[in-house]
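Q: Please take a close look at one strand of this structure and its surroundings. I am new to it, so a plain walk through that part would help.

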Amino acid sequence: MNILEKIIADKEIEVKLRKKLIPIEQLEESVLFDRETISLSNKLKNSPSGIIAEHKRRSPSKSVINQDLNVFDVAKGYEKAGVCGMSVLTDGKYFGGSLDDLLIARASCKLPLLRKEFIIDPYQIVEARAQGADVILLIAAILSKDEIKYYSELAQSLNLEVLLEVHNEKDLKKSLFDSITMIGVNNRNLKTFEVSLETSKELSSIIPDDFIKVSESGISNVESIKELQQYGFKGFLIGENFMKTSNAGESAKEFIEKLEK
Ligand SMILES: O=C(O)c1ccccc1NCC(=O)[C@H](O)[C@H](O)COP(=O)(O)O
C-alpha cells in the first residue's frame, strides 16, 4: 500500500467511529452550523499575494515540522500577516491535527478556514460546517466523478466552498463541476512525496478560466510565486515554510511583505 492508500484505509475506520459517536443530526445542531461563511475565492480574486497559510504539525513526508506552536497564536499571526485564508489539517494520525484545531482557529480569527482533510464521506462535510470551516478540500485522486459531483453539491448547499485538488489531467477531467470554485494543483506527488512546481505550470493551461487556480505544496520563496502568477495562479497554499519557524505568523508576514514589494 502507498501512503495515500494507508491514509484512506485508516480514514474509513475513523469516520465509521465518528459517525457512531456523534450522529449527523447532532452536528446539525452545532451553534456554528448556521453561521455566515466567508468566501476564500473572493479574497483570492482581490489579493495581490493570494497566500493560504497552513497549520501543519507534522506530515508523512517530513515527519515532525513543529509541535510547539499554538493554533490560536498561529491563526492570529496569519490574520495579522494579511493572508487570504488559513488551512487547518484535521487528520490526527498522519498530520497531528484535529477538529479541535479547526474550532480554535475559528474562535481566534475571521479568516476563511479550509478544512484540510481526506474527505471520503459526506459526514465529514457536515462535520466541517459544524466546526467552523468555510471551505473543504476534495482530492480527485481518492474520489470518483460521481462522488466529486455529489460532495461538491452538498458542500455548496451548506454554503461551503470547494477547493478541488488535482495531480494530473485525468484528475482534472473528472472534476469540472459548477459547484466547485477553486482548483488546486498539488505539486507533491502523494504516492512518492516528490515535489515539483512544474506540475502546476503544466496543468495551468488546461484549467478552465471559470475556476480560481491554486498552487499547493513545496512553495518556499516569493520568486516561485511570481513565476506561478504568470501561469494564472491566484492562490498559493503554504504549510511547512511557515510552520517550521518559531513564529509562523511573523514568517508569513515577512514573506507577504517581500512578495508585495
Ligand atoms: O505533506 C505531506 O507530506 C503529505 C503527504 C501525503 C498527503 C498529503 C500531504 N500533505 C498535504 C498537503 O497538501 C500540504 O500540507 C499542503 O499543500 C502544504 O504543503 P507544504 O507547503 O509543502 O507544507
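A: In this predicted model, strand β6 (residues 135–139) pairs with β7 in the parallel sense, over five bridges. Within that pairing, L138 stands opposite L164 of β7. Between the two strands the chain passes through helix α7 (residues 145–157), and this β-α-β crossover from β6 to β7 is right-handed.

β7 also pairs with strand β8 (residues 182–186), again in the parallel sense, here over four bridges. One of the residues involved is E165 of β7, whose bridge partner in β8 is G184.

As for β7 itself, the strand spans residues 161–166 and is mostly covered, with six of its six residues buried. In a regular strand, side chains alternate between the two faces of the sheet. In β7, E161, L163 and E165 point one way, while V162, L164 and V166 point the other way. Both sets are buried. The set that contains L164 and the set that contains E165 therefore lie on opposite faces, as the alternation in a regular strand would have it.

A helix elsewhere in the chain can be set beside this strand. In helix α4 (residues 71–81), the buried residues are V71, V74, A75, G77, Y78 and A81. These residues are on the same side of α4, because they cover an arc of only 165 degrees around the axis. Their cover includes β1 (51–55), β4 (85–89), α5 (99–108) and α12 (248–260). After α4 comes G82, which has a positive phi, near 90 degrees.

Methods:
Residues are numbered from 1 along each chain as its sequence is written. This is a predicted model: local features need pLDDT of at least 70, side-chain atom pairs count only at pLDDT 80 or more; totals for chains, interfaces and linings use all residues. A residue is buried if 20 or more other C-beta atoms lie within 10 Å of its own, exposed if 12 or fewer, and partly exposed in between; C-beta atoms are placed from the backbone. The arc is that of the directions from the helix axis to the C-beta atoms. Two residues are in contact if their C-beta atoms, placed from the backbone, lie within 7 Å. Two strands pair if DSSP finds at least two bridges between them. A crossover is right-handed if, with the strands pointing away from the viewer, the path from the first strand over the helix to the second runs clockwise.
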